[in-house]
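Subject: Structure handover

Hello,

Here is the structure we talked about, with its sequence. My notes on it follow below.

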Amino acid sequence: MSGPSFHYVRATEIAEALALGAKQGTAFLAGGTDLLPLWKAGLATPHEVIDITRLPLADISRNHVRLVLGALARMSDVAAHPDVKADHPLIADAILASASGQVRNQATIGGNLLQRTRCPYFRDQATACNKRDPGSGCGALDGENRHAALFGASAGCVATQASDLAVALAVLDAEIVVSDSNGERRLALEDLYPLPGATDAPDSSLAPGEMITAVHIGNASRFAARSTYLKVRDRASFEFAVVSVAAALRFEKGVIAEARLAAGGVAPLPWRLRRSEAALIGGAPTEQAFRAAADLAIEGAGALEDNAFKIPLLHNAVIRALQTVGGQS
């Protein structure tokens, strides 16, 4: 089977890649673990492919202020890096819960954050999907919607965000560095993922020609001993989250001084549980406190016909994650 012809360029410098990427109809190729399956399915048909694998964007570095992950760092390399494992184990846990070992050896950090939705209506060209074809409708609204979002959805799209890593990075207030031929900008991880509209649902807020070049994470060593990534999925490996929870706590004199919680598999972006966080701060790590935080986590959840089970699942996942990190203070 052959597809449409394209022009291939291997970029050797960042400036070259960004200049080429400014052209309409181009695609950046890194690990290729998301782009190539989309291409085979006819869902991505670039006129020009810019191979960026040789660019100097794979470094992993840390100082006392922050951890910096190059966008081309392989997921397996990040998970195994001693600084990540020691002071940012939540990142390693989320990566190791992702895909398979073979995919993690190939996939990059930037590519993982930009992977397209796993909603089956997006990947089936015979059905309506505003992500794939703006204005065509959302087949999942009245179709099979077990996978659908509980929060942040619209009448135009109920798809969820797919990255495990993004959920962990949201908890750690990560910042994304985005570059194009005119320079660079920085944005909070959560701002990388726009909410869907009535007739369109972009997967990211990146403009054409923009490329993630790095991810910055503030020093999170204070959470290292009390963080976890809990992923509930249909099978034990190589499966996307039905519901996931990233949790991190910091104690002072037996009281919760800081609390970070985010959920995956329930929204078009990593869904930060800020009301639950606020309720935990200043209190003791009791079962009653954890259940109260879980109650707040599901407030405002909107279920469709097939995904109502996600509401108690999220509730219980929040409790379990907090029990894991709450422990003996």
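How many of the 6 residues of strand β9 (residues 227-232) are buried? The count is 5, so β9 is mostly covered, with buried meaning under 20% relative accessible area. Please keep in mind that this is a predicted model.

Strand β9 has a partner in β10 (residues 243-252). The two strands run antiparallel, and 6 bridges join them. Within this pairing, Lys 231 stands opposite Ser 244 of β10. As general background, side chains in a regular strand alternate between the two faces of the sheet.

Now the chain as a whole. It contains 11 helices and 12 strands. For 329 residues, a compact globule would be expected to have a radius of gyration near 20 Å; the chain has 20 Å, so the two agree. The C-alpha trace spans about 60 × 50 × 35 Å along its principal axes. Of the 329 residues, 51% count as buried. The exposed surface of the chain comes to about 14400 Å², and carbon and sulfur atoms supply 51% of that area. Among contacts with a sequence separation of 6 or more, 65% are between residues 24 or more positions apart.

Next, the nonpolar interior. The largest nonpolar core has 72 residues, and the members that touch the most others in it are Ile 91, Leu 113 and Leu 189. Apart from this core lies another, of 18 residues, which includes Ala 44, Cys 138, Ala 140 and Ala 159. To go back to Leu 113: leaving aside neighbours within four places in sequence, its contacts include Leu 165, Leu 169, Ile 176, Leu 189, Leu 192, Ile 212 and Val 215. Gln 161, Ser 163 and Tyr 193 are also among the residues in contact with Leu 113.

One charged residue deserves a separate note.

Is Glu 277 buried or exposed? Its relative accessible area is 7%, which is under the 20% cut-off, so Glu 277 is buried. Glu 277 sits in helix α9 (residues 274-280). Its side chain makes a polar contact of 2.5 Å with the side chain of Arg 272. Not counting residues up to four places away in sequence, Glu 277 touches Ala 259, Arg 260, Leu 261 and Arg 272. Arg 272 therefore appears both in that list of touching residues and as the partner in the polar contact, given that contact means heavy atoms within 4.5 Å.

Regards

Terms used. Residues numbered from 1 in each chain as written. Predicted model: local features only at pLDDT ≥ 70, side-chain atom pairs only at ≥ 80, totals over all residues. Heavy atoms only, no water. Helix = DSSP H or I, 4+ residues; strand = E, 2+ residues; numbered from the N terminus. Buried < 20%, exposed > 50% of the residue type's maximum accessible area, 1.4 Å probe, protein only. Polar contact = N/O pair within 3.5 Å; in protein donor to acceptor, adjacent residues only side chain to side chain. Core = buried A, V, L, I, M, F, W, Y, C linked by side-chain atoms within 4.5 Å. Rg over C-alpha atoms; globule rule 2.2 N^0.38 Å. Areas by Shrake-Rupley, 256 points an atom, 1.4 Å probe, with all protein chains shown as cover. Pairing = 2+ DSSP bridges.
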